[in-house]
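Here are my notes on the model you sent, set out as numbered points. Please keep the structure open beside them as you read.

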Amino acid sequence: MKAKPKLYQCPECGLHYRDIAATKKCQAWCTKYKSCNLEIAKLSGEAKAHKRLTKLKAN
Ligand SMILES: [Zn+2]
């Protein structure tokens, strides 16, 4: 059995990242621009799960 990888969550948009650095980048972006940066969001667990992000939930 594989251990579940720890995911970090951006407190602003709620996306999950395996990488704390990406999480912090996302949070910084979300806080500043009140929107998601697709370049960052595509690194999230959600983006990988859905393969493509058609819509990002605002707030
Ligand atoms: Zn975010």
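1. The buried residues of helix α1 pack against three other elements, namely the strands β1 (8-9) and β2 (16-17) and the helix α2. Please bear in mind while checking this that the model is a predicted one.

2. Which residues of α1 are buried? They are Thr23, Cys26 and Cys30, and, when the helix is viewed down its axis, its buried residues fall within an arc of 65°, so they line one face of α1. A general point helps here: an α-helix has 3.6 residues a turn, so residues three or four places apart point the same way. On the face of α1 turned away from the buried side you will find the exposed residues Ala21, Thr31, Lys32 and Tyr33.

3. The length of α1 can be checked by simple reasoning. The helix has 14 residues, which at 1.5 Å a residue should span 20 Å, and the C-alpha atoms at its two ends are indeed 20 Å apart, so expectation and model agree. Just after the helix comes Lys34, which has a positive phi, near 55°.

4. Lys24 also belongs to α1, which runs over residues 20-33, but it is not among the buried residues discussed above. Why does Lys24 count as partly exposed? It has 13 C-beta neighbours inside 10 Å, and because a residue needs 20 or more for buried and 12 or fewer for exposed, a count between those limits is called partly exposed. In space, the C-alpha atom of Lys24 lies 9.2 Å from that of Gln9, although 15 residues separate the two in sequence.

5. The largest nonpolar core consists of ten residues: Cys10, Cys13, Leu15, Tyr17, Cys26, Cys30, Cys36, Ile40, Ala41 and Leu43. Both α1 and α2 (38-41) supply at least two residues each to this core. Leu15 is a useful member to follow by eye, since, leaving aside residues up to four places away in sequence, it touches Cys10, Cys26, Ala41, Ser44 and Glu46.

6. For the protein as a whole, the secondary structure comes to three helices and two strands, and, read along the sequence, these follow the pattern β-β-α-α-α. Of its 59 residues, 20% count as buried. If you consider the contacts between residues at least 6 apart in sequence, 24% of them join residues at least 24 apart.

Key. Residues numbered from 1 in each chain as written. Predicted model: local features only at pLDDT ≥ 70, side-chain atom pairs only at ≥ 80, totals over all residues. Helix = DSSP H or I, 4+ residues; strand = E, 2+ residues; numbered from the N terminus. Core = buried A, V, L, I, M, F, W, Y, C linked by C-beta atoms within 7 Å. Contact = placed C-beta atoms within 7 Å. Expected span 1.5 Å × (residues − 1). Arc of directions from axis to C-beta.
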